Amino acid sequence: MKKSTIWLLTVLMALTVVGLLYIQIMYMESMIRMRDDQFSEGVKRSLNVVASLLEQDETKYFLEEDVAEVESSSVYTQYGGAPHLGGVKYAFTTHSGLIGDLTLKADADKIYNIQNEPSNVANSYNSMREELKGQYLYQKGLIDDVIINIMNKAYDRPIEERVDSTSVRRYLARELENNGLDLPFEFAVVNRSGHVFYASPGFTRQNKINSDENSVFVQSLFHSDPPSKKNYLKVYFPQKAKYVLSSVKFMIPSFIFTFILLIVFLYTIILAFRQKKLTEMKNDFINNMTHEFKTPISTISLAAQMLNDPSVRKSQPMLQHISGVINDETKRLRFQVEKVLQMSMFDKKKATLRFQEVDANSVIQQVINTFRLKVEKYGGKLSANLDAQDSIINVDEMHFTNVIFNLLDNAVKYRKEDVPLDLRVATRDAGNDKMQIIISDNGIGIRKEDLRKIFDKFYRVSTGNRHDVKGFGLGLAYVNKMTELMGGNIKVESDLGKGTTFTITMPLLND
């Protein structure tokens, strides 16, 4: 798959996920806003009704007070207070129920005469009408007195008497339930300046009114009170946010699934890029392998053709030279094949190793003796300081030798063209029953962004304009794996343009 195709799929998928999230968020905001509006409207309706009920309670209070005064006055007896009078009762009702009644009383004897003496109907009727009229005017005056008292005296009563906390809680609970808002609430009665006359136990003005204004609703009480005497009922809903958010709780699984989809998408994109990178590295590996195999095969083929020449067969020095070339190229080809076969180890949890006691200083010295000629061929020098006092380790000798050889070979490959190679190998005691092997050079170095990847399979550090560095990208991966399997570890330090240092730490053989 082309990189442009991967990027196109990435952009399309990203736009899809972002669009899905945007739609979900907008829908959720709309649901929350609508739920909040419904809640506020229901609370306002409930508070209006509660305020009306409190005003009706106050009207009942003054009405009962005036009736009690009339019953104890002489005027009451003047208008039919005698016990032998009958009466016509007029009841006054409100939303909260019966708050008072007024009785218009008539003379029982006169009513009897009206019913039993038809000849006196007209006169008796007129007399009764005048009496009822007088009583009506009295009752009207009584109601007018109540209204005047409410207007002039009500606001002077203590607010604790005008607004009973028990009644307020009962009214609020009933009206909120009627509006479908069955959730806990706290309330307080305050004046114009914010002074709290009384509050429910769970109401704290500082912490709740100031911290969450959206959960506090205010209703003015007694509209006829002058502005300076105004009082307010404040109601706080601790669980308002929970109540509003409950309308969108079904969206939570949707967000979870969207988040999982996003994670899977990102992981898929990462795998796609890794797979593409791996494909590119494998292609480079095949190209390098073809070149590495082609050179020795061509050389061996040319030497075989020369052997067919009779003149060459007659020359003993020439035969020795050709046989030496064939032998060297065969070894080179075998070495390359071994490198390819090493790939099989990386897909196994553990390679088959034959551990034995080995003197690390001795093995390293042998590799140095073999490799020194190659270093000197390029005008460089190879120095060794094998100072480790205790160098007996338990390793597979063949693989340990290959590890040291690969590191030295890399130093030669990535040398500077204009500076003689200075290759240094050292061993030292590291304490805690361990020893260290340090291999450093003054080559081209490694960039910081490449240091994390140099031990990856098939990864090869770019060498710029140099095209003579060949390989499979397996050398350092092999070194890292073998070192770990033999119980050690390897670290690398490098500065671009200054050189590279590899440090191998190996455990010593226990007594």
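These are my notebook entries on a predicted model of one protein chain.

**Entry 1. Overall counts**

I began with the whole chain. I counted 16 helices and 13 strands in its secondary structure. Of the 511 residues, 36% are buried. I then looked up the exposed surface, which is about 30500 Å², with 55% of it supplied by carbon and sulfur atoms. For contacts with a separation of 6 or more, I found that 69% are between residues 24 or more positions apart.

**Entry 2. Nonpolar cores**

Next I looked for nonpolar cores. In soluble globular proteins, nonpolar side chains tend to be buried together. The largest core here has 41 residues, and the members that touch the most other members are Ile393, Phe400 and Ile404. I listed the elements that each supply at least two residues of this core: the helices α13 (360-377), α14 and α16 (475-485), and the strands β9 (392-395), β10 (422-429), β11 (434-440), β12 (489-495) and β13 (499-507). A separate core has 25 residues, including Val50, Tyr198, Phe217 and Leu221.

I took Ile393 for a closer look. Leaving out residues up to four places away in sequence, I found Ile393 touching Gln356, Glu357, Val358 and Ala360 on one stretch of numbering, then Phe400 and Met435, and finally Met506, Pro507, Leu508 and Leu509.

**Entry 3. Aromatic pairs**

I searched the whole structure for aromatic pairs and got six. I opened the pair of Phe217 and Phe237, whose ring centres are 5.8 Å apart. Their planes stand at 75 degrees, so I logged the pair as edge-to-face. Phe217 is in strand β5 (residues 216-221), while Phe237 is in the loop between β6 (231-236) and α8 (240-245). The pair therefore ties together parts that are 20 residues apart in sequence. Both rings belong to buried residues: Phe217 has a relative accessible area of 9%, and Phe237 has 0%.

I followed the rings outward and found one aromatic cluster made of Phe39, Phe217, Phe237 and Tyr243. Phe217 was already in my list for the 25-residue core. At Tyr243 I also noted a charge: Arg35 lies over the face of this ring, 4.4 Å from the ring centre. I logged another such case at Tyr378, where Arg415 lies over the face at 3.8 Å from the ring centre.

**Entry 4. Salt bridges**

The salt bridge count came to six. I wrote up three of them, with the accessibility of their residues.

- Lys413 bridges to Asp409, with the closest N and O atoms 3.7 Å apart. Both residues are in helix α14 (residues 397-413), four residues apart, or about one turn of the helix. I checked Asp409 and found it buried, at a relative accessible area of 8%.
- Arg424 and Asp422 meet through their side chains at 2.9 Å, N to O. Arg424 is partly exposed at 32%, and Asp422 is partly exposed at 21%. Because buried means under 20% relative accessible area, I did not log Asp422 as buried, its value being 21%.
- Arg447 bridges to Asp450, with the closest N and O atoms 3.0 Å apart. Arg447 is partly exposed at 34%, whereas Asp450 is buried at 4%.

**Entry 5. Positive phi**

I went on to backbone angles. Most residues other than glycine have a negative phi, and most peptide bonds are trans. Asn432 has a positive phi, near 55 degrees. Asp433 has a positive phi too, near 60 degrees. Where do Asn432 and Asp433 lie? I found Asn432 in the loop between β10 and β11, and Asp433 in the loop between β10 and β11 as well. I looked up their accessibility: Asn432 is exposed at 73%, and Asp433 is exposed at 53%.

**Entry 6. Thr352**

The last residue I looked up was Thr352, in the loop between α12 (343-346) and β7 (356-359). Is Thr352 buried or exposed? I found Thr352 exposed, with a relative accessible area of 74%. From Thr352 I took the distance to Leu485, which is 133 residues away in sequence. Their C-alpha atoms are 9.6 Å apart in space.

Key: Residues numbered from 1 in each chain as written. Predicted model: local features only at pLDDT ≥ 70, side-chain atom pairs only at ≥ 80, totals over all residues. Heavy atoms only, no water. Salt bridge = Lys/Arg side-chain N within 4 Å of Asp/Glu carboxyl O. Buried < 20%, exposed > 50% of the residue type's maximum accessible area, 1.4 Å probe, protein only. Core = buried A, V, L, I, M, F, W, Y, C linked by side-chain atoms within 4.5 Å. Contact = heavy atoms within 4.5 Å. Phe/Tyr/Trp six-rings, centres within 6.5 Å; stacked < 30°, edge-to-face > 60°. Lys NZ or Arg CZ within 6 Å of the ring centre and 35° of its normal. Areas by Shrake-Rupley, 256 points an atom, 1.4 Å probe, with all protein chains shown as cover.
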